[in-house]
Amino acid sequence: MSEEIIIARETENLTGSVRIGGAKNSALKLVAAAILGQGASTLHNVPRISDIDIMADVIRSLGGTVERQGETLIVDTTNATGYETPYELVSKMRASISVLGPLIGRFGHARVAMPGGCNIGARKIDLHLKVLQSIGVQFVNDHGYLYASSPNGLHSAEVYLDFPSVGATENMLMASVVVEGTSVIDNAAREPEIVDLANMLNAMGCKVEGAGSPTITITGVPLESLHPCEHTTVADRIEAGTFLAAGALMGGPLTVEGIDPSFLRMALMKLTDMGCSVETTEDSITVSRTEPLRPVDIQTLPHPGFPTDLQAQFCLLCAMADGTPVITENIFENRFMFAYELNRMGSDITVEDHHAIVHGVKSLQGAPVSCPDLRGGAALVIAGLAAEGETRIHDLHHIDRGYDNYVGKLQSLGANIERLSI
Ligand code: EPZ
């Protein structure tokens, strides 16, 4: 059976500009939030990635319709009267759990397949359940499905997240916006995608304040007062950071356009510490480097800390730096698989529990490699452009989940790269 692979060949440099698309980790939740609009919402700047296709199928499985017009999705949930998500969809994409909150908000109950783990970790949802139980939701684990109900109705509550979980914050937001009274989420996730979701919910008639801060206040409004809306997805800071890491590695100057630099403050600080020049405007970032890469320790933390979704890309930079930096992964328990693949290309990385000790090397050799996960795969492609010779990257479905036209954008920057069937 034929397989699509990427062939990345040694490339002199990556220079020029690339426009950043809409954020995968926002758009997925915006599609789910449209359930609360009870009509046809229009979402702009939605990336063409397979995770969005799966979320669209989830909406269709609930009785809604999703129509793509270029970068725009029309999500009509008028007839989304179903409240069950099928295992075969959830097993393909964990983020389907993001329909739990809006289904509870709209119908008061839901039956969603329990999401399994994935390559990077167990991906538990105990925090989702804890905060939803605080507003009156009851859960029964029913043969791999989670049945959520609210027999005594829902009530407002002040909840405290043990960990600022992005998904738990989002599900709590989308369930509590129609619960009478005032609910508060303490220790909420602060990612820009949370702000984007809150903005869309407010555009539908909700009353959410404080998104982006650790304390979010939700004033419940009647479900029937909510209406569809038109919203533009925020730009993808992780796609932007991925291209910036590529420019930092190869030298640049490389510009990412359509991104708010404040979304990447920690990553930009690390690029500067590693010897890069970083210039910003209100909606673009340019990286260039003439000096050798300097080693810098990195530890991943919830936003505004260093993003775990850029860990593999910056691990590659560290692998080519002149020293022995240490990378600490505090968010997921198994997110160094990329390092094992990179070692096959000549890097010298030792993984000990949630630390990666990176002994910088002067060069990498092209090799056949396999994408271990979404962000590790994207980083391996960049490694192939810096390595001597040719690198064949397999298991591209990981990359297709979260990068829209990745090869095309790299080609526009001068990459010697192609995607083909073998
Ligand atoms: C979102 O995942 C993103 N995915 C992830 O991006 C991102 O890495 C993560 O947030 C952190 O920023 C989407 O938005 C679709 P969490 P999410 O809940 O919501 C543990 C990518 O590459 N946890 O903040 O699942 C969990 O196991 C992906 O684009 C619990 O223990 O992240 C993990 O270790 C990867 N119990 C940590 O918290 C819970 O109830 C972070 O999870 C929930 C989470």
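Let's start with one pair of residues: Gln-299 stands opposite Thr-328 in strand β19. This is a predicted model, in which local features need pLDDT of at least 70 and side-chain atom pairs count only at pLDDT 80 or more, while totals for chains, interfaces and linings use all residues. Residues are numbered from 1 along each chain as its sequence is written, and side-chain values use heavy atoms, leaving out hydrogens and water.

A quick word on the names: helices (H or I, at least four residues) and strands (E, at least two) are DSSP runs, numbered from the N terminus. Two strands pair if DSSP finds at least two bridges between them. Strands of a sheet pair through backbone hydrogen bonds, either parallel or antiparallel.

Back to our starting point. Strand β18 and strand β19 (residues 326-328) pair in the parallel sense over 2 bridges. Both belong to an open sheet of 4 strands, ordered β18-β19-β21-β20, with mixed pairing. At its edges sit β18 (298-299) and β20 (348-352), each pairing on one side only.

Now find another open sheet, also of 4 strands with mixed pairing, in the order β6-β7-β9-β8. Here the edge strands are β6 (84-85) and β8 (138-142), and each pairs on one side only. Strand β8 runs antiparallel to β9 (residues 145-149), and 5 bridges join the two. Look for Asn-141 and you'll find its bridge partner, Leu-146, in β9. Helix α4 (residues 100-107) packs on this sheet, touching β7 (110-113), β8 and β9; contact here means heavy atoms within 4.5 Å. The direction of α4 makes about 165 degrees with that of β7. Such angles run from 0 to 180 degrees between N-to-C directions, and axes are lines fitted to C-alpha atoms, for helices over the stretch in contact.

Next, strand β3 (residues 40-44) has partners to visit. It runs antiparallel to strand β5 (residues 72-76), joined by 4 bridges, and Ser-41 stands opposite Val-75 in β5. With strand β14 (residues 230-232), β3 pairs in the parallel sense over 3 bridges, and there Leu-43 has His-231 as its bridge partner. In the loop between β3 and α2 (50-61) you'll meet Asn-45. Its phi is near 60 degrees, a positive value in a residue other than glycine.

How do two helices pack? The axes of α8 (residues 237-250) and α10 (residues 311-319) come within 9 Å and cross at roughly 10 degrees. That makes α8 roughly parallel to α10, a label for angles under 35 degrees (over 145 is roughly antiparallel, 65 to 115 roughly perpendicular, and the rest oblique). Ile-238, Gly-241, Thr-242, Ala-245, Ala-248 and Leu-249 of α8 make the contact with Gln-313, Phe-314, Leu-316 and Leu-317 of α10.

Two loops hold something unusual, since most peptide bonds are trans. A cis peptide bond joins Gly-252 and Pro-253, with omega about 10 degrees; Pro-253 is in the loop between α8 and β15 (254-257). The bond from His-303 to Pro-304 is cis too, with omega near 10 degrees, and Pro-304 lies in the loop between β18 and α10.

Finally, the ligand. A polar side-chain atom of Asn-25 lies 3.0 Å from an oxygen atom of the ligand, and one of Lys-29 lies 2.8 Å from a ligand oxygen. For Asp-309, an N or O atom in the side chain is 2.6 Å from an oxygen atom of the ligand.

Technical notes:
A polar contact is a pair of N or O atoms within 3.5 Å; within protein, one must be able to donate a hydrogen and the other to accept it, and residues adjacent in sequence count only if both atoms are side-chain atoms.
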